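Student: I am new to this structure and would like to look closely at a single part of it. Could you take me through one strand and its surroundings, step by step?

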Amino acid sequence: MGSLAGRHDVGERSPSFSSLSAAERARALADAGTLRPWPQRLPRGLWLGSGTLAGRKVVFAMTDGHERGGTLGFEEGRALGRFVSEADAEAIVVGWDTGGVRVQEGPLALAATSAFGVKLTEFSLRRGPVLAVVSGPRGCFGAPAVLAGAADYVVLAGDAQWGLTGPKMLGGVNPEGAVSARARKRAALAEALVEDRAPSVRSALEELLGRSWSPPPPLAVLEKSSVTTERLLRRLRRSKGPRSTGSLEAGRERDLLRHSFRGQWEPSGPSVRRPEAHAVWGKLGGRPCLGLLIGPAKNREELGVEATWVATRMLRLAAREGDAGSERAPVVTSLFCRSHASTADEERAGLPVALGSVLRSYCALRVLGHPLLCILGGGVYGAAYLCFAAPSHRIVALRGTTVAPMAPRLLEAFEKLRRLGPRRRAETDLPGVRIVDHPVRLPRILAEELEAARRAAAAPATGNHRFGGEAG
């Protein structure tokens, strides 16, 4: 396993795994005669069902790049979320062959896909492993790339590509190499790289399912996520060379938590401050709290590996220090971030895995019972919403905030590349996201929403408020 040489005599006429439809891929992986489709109508390009693999009870969620590019819209995201909620299995195998979230459907598609991502990640923390298989003509891009990065195991087939941004829209040297299967395996971001044949993919999955596995303790998840992002940050710095990553000058950044909670916020430290992110431990209303601000520097509009390191490091601290007996310390995240970084250096360093580590950290805090509140402002796009907002128990957005699958700059490049006409940039209110019409009302609303987050965290079985409880 882990070699393209192949160990199976599949013959010259055997079709590649990538050429198969989603249903055919599931049949090729499951034990003979065990596969059963999910008895609900599904959109084209998506196949869901259950069976066994190497005798283990498994559910399969397969996207299909041959149908609409395998993109995920609102219906796909909603179906995937419900499917995972009902999953009675030892493991989930997700076949990623997708160009990402369907931009034509806007924020609802992003929110539904993100809700599915939270459920998928929580499945791996509570029940069984999630195995991602990246293959096909599209590979895995956009928000689904983060979900692959958050999986317990990743199998790459053939020449599949895996990244947040397609190579044609990446800057830097050798953008194709930054997201290639070979580069990902060489960087130890995937467990296996196999030839593009069904027996090879199945053999890799059998080996991974045969490993001893039990749901990881949430604190171990937080520790591993912090270690992972630190390792990826070192790789990024080596590739970009020496650069300043020091603290911002004191006084240049407004204390948004102090302003938003009308003086109830008291920073006490420790804290980490970087151009992309600022996190500080303190007290809110006299009780322990972690404040996390993503995107504070106006000249830094993209979310990169360094911000994920700040987040995972301090989220780990919140779990370690934030157990106040009967109540876990809340985490208040202010998200003023345009989008994920779209450079070859960030991709090459492993940005999908770094963001996947953030998602796993927030979900681990949910499992522990920490109340999570998120404040959106300005523009929040794609992976930023998935990782930092979607796991929250409650979300508040300032009026005028735009939420969309793709940032305007990337969307313009995408439209030009695909020769598409410009689309209307509509602001859409998401279900369950409370809109603040005027900043003067923010302190009162935040106090109310924080109490609601505390109640939701104390009763996790009720699920997240978005999409009728489908997100949590």
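Tutor: What follows is a walk around one strand, from its own residues out to its neighbours. Please keep in mind that this is a predicted model. The part I have chosen is strand β4, which spans residues 91-96, and 6 of its 6 residues are buried. To see how that cover is arranged, it helps to recall that side chains in a regular strand alternate between the two faces of the sheet. In β4 both faces are covered, with Ala91, Val93 and Gly95 buried on one side, while Ile92, Val94 and Trp96 are buried on the other.

Turning to the neighbours, β4 pairs with strand β3, made of residues 56-63, in the parallel sense and over 5 bridges; within this pairing, Val93 of β4 is the bridge partner of Phe60. β4 is also joined by 5 bridges to strand β5, residues 130-134, and these two strands likewise run parallel. Here Ile92 has Val130 in β5 as its bridge partner.

The helices complete the picture, since each of these pairings belongs to a β-α-β unit. Helix α2, residues 74-86, makes a right-handed unit together with β3 and β4, and helix α3, residues 107-126, makes a right-handed unit together with β4 and β5. Strand β4 therefore takes part in both units, together with β3 and α2 in one and with α3 and β5 in the other.

Methods:
Residues are numbered from 1 along each chain as its sequence is written. This is a predicted model: local features need pLDDT of at least 70, side-chain atom pairs count only at pLDDT 80 or more; totals for chains, interfaces and linings use all residues. Side-chain values use heavy atoms; hydrogens and water are left out. Buried means under 20% relative accessible area, exposed over 50%, partly exposed in between (1.4 Å probe, protein chains only). Helices (H or I, at least four residues) and strands (E, at least two) are DSSP runs, numbered from the N terminus. Two strands pair if DSSP finds at least two bridges between them. A crossover is right-handed if, with the strands pointing away from the viewer, the path from the first strand over the helix to the second runs clockwise.
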